[in-house]
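Q: Hey, got a minute to look through this one with me? I'd like to start with the nonpolar core.

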Amino acid sequence: MAEQGPEREAAHDGERRFGEYVVVRRHGHVAELALDRPKAMNAVSTDMARSVAAACEALAADRDARVVVVTSTHERAFCVGADLKERNSFTDADLLRQRPVARAAYTGVLELPMPTVAAVHGFALGGGFELALSCDLIVADRTAVVGLPEVSVGVIPGGGGTQLLPRRVGAARAAELIFSARRLDAAEARELGLVDELVAEGRDREEALALAARIAGNSPVGLRAAKRALRLGHGLDLRAGLEVEDAAWRSVAFSGDRAEGVAAFNEKRRPDWPGE
């Protein structure tokens with residue numbers, strides 16, 4: 001039976017399903033994007049890629065979502081990467097047709113306008129680790145095993161890995177990890193900066209959601225502008241980067257959130273962000 005496409009959406013009890021393998025849950029102002037293809041350890045098939053992209057498109061347009069957490073419903077894996085069983089049946093023409101579909105899934109996560117957190121346990125390999133790298137922060141538990149092994153099967157990281165990994169760990173370290181195709185356990189991944197926070201086994205989702213809730217308490221306008229400045233300014237010379245920052249500052253300086261934040265501070269109360 002063919003997998004359901006992202007057009008088969010259902011909303012109930014705070015959940016919205018995109019196709020068969022992606023579900024978005026709401027926790028107040030935090031949205032959880034759960035990868036839900038457990039029989040394949042969340043291997044990214046064509047249909048699953050379409051669903052990830054569709055979920056990200058919906059989240060990007062959701063002004064009530066202040067933070068997104070990417071999680072997995074599989075007990076032993078975040079995501080094992082591309083569905084190589086599906087790929088094995090592809091002709092060259094099939095692979096070319098699938099490429100923009102797969103790309104849209106990774107860029108969908110990468111281009112979400114709000115802060116994003118990946119909650120990683122078990123295997124996060126190849127495209128699975130690239131989904132995590134597409135997030136702003138990565139929380140991993142002690143079972144995590146990460147890596148970009150694509151050259152071992154005759155390809156290269158194609159979901160952003162060659163660009164995102166060196167931005168985390170530097171060019172030489174990224175080259176060593178990509179060229180060797182080796183896997184790293186959670187402790188080494190944390191030591192080298194491939195993940196940002198290491199937590200007890202089984203606690204990655206809870207800790208990532210807790211971190212997201214803390215972030216979501218801040219101004220949604222400020223959060224999006226800060227992310228924009230961080231992303232657009234990265235790699236620029238200092239003068240150009242400061243211009244990016246100034247443009248982001250101007251976008252928030254006269255906002256309702258700025259007025260509410262200053263008022264709440266002076267009145268010694270929690271802000272009620274208008275989000276505009």
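A: Sure! The largest nonpolar core has 50 residues, and the ones with the most contacts inside it are Leu-33, Leu-35, Phe-78, Val-120, Phe-129, Leu-165 and Leu-194. A nonpolar core here is a set of buried Ala, Val, Leu, Ile, Met, Phe, Trp, Tyr and Cys residues joined through side-chain atoms within 4.5 Å, with buried meaning under 20% relative accessible area, exposed over 50% and partly exposed in between (1.4 Å probe, protein chains only).

Q: Which element gives the largest share of this core?
A: Helix 1 does, with seven residues. Helices (H or I, at least four residues) and strands (E, at least two) are DSSP runs numbered from the N terminus.

Q: And is this a predicted model, with what ground rules?
A: Yes, it is predicted: local features need pLDDT of at least 70, side-chain atom pairs count only at pLDDT 80 or more, and totals for chains, interfaces and linings use all residues. Residues are numbered from 1 along each chain as its sequence is written, and side-chain values use heavy atoms, leaving out hydrogens and water.

Q: What's the average pLDDT of the protein chain?
A: The average is 94, and 95% of the residues score at least 70; pLDDT is the predictor's confidence in each residue, from 0 to 100. Over residues 1-13, though, pLDDT stays under 50.

Q: Back to the core, what is Leu-194 in contact with?
A: Leaving aside neighbours within four places in sequence, Leu-194 contacts Phe-129, Ile-138, Val-146, Leu-165, Arg-168, Val-169, Leu-177, Leu-184 and Ala-189. Contact means heavy atoms within 4.5 Å.

Q: Ala-132 next: buried or exposed?
A: Ala-132 is buried, at a relative accessible area of 0%. This alanine lies in helix 4 (residues 127-133) and touches Phe-78, Ala-118, Val-120 and Ile-138, not counting residues up to four places away in sequence.

Q: At what angle do helix 1 and helix 3 pack?
A: About 40 degrees, with the axes of helix 1 (residues 46-60) and helix 3 (residues 92-110) 8 Å apart. Axes are lines fitted to C-alpha atoms, for helices over the stretch in contact, and angles run from 0 to 180 degrees between N-to-C directions.

Q: Which non-glycine residues have a positive phi?
A: Two to look at are Ala-181, with phi of about 60 degrees, and Lys-268, with phi near 55 degrees. Ala-181 is in the loop between helix 6 (171-180) and strand 11 (184-185) and is buried at 15%, while Lys-268 comes after helix 11 (256-266) and counts as exposed at 75%.
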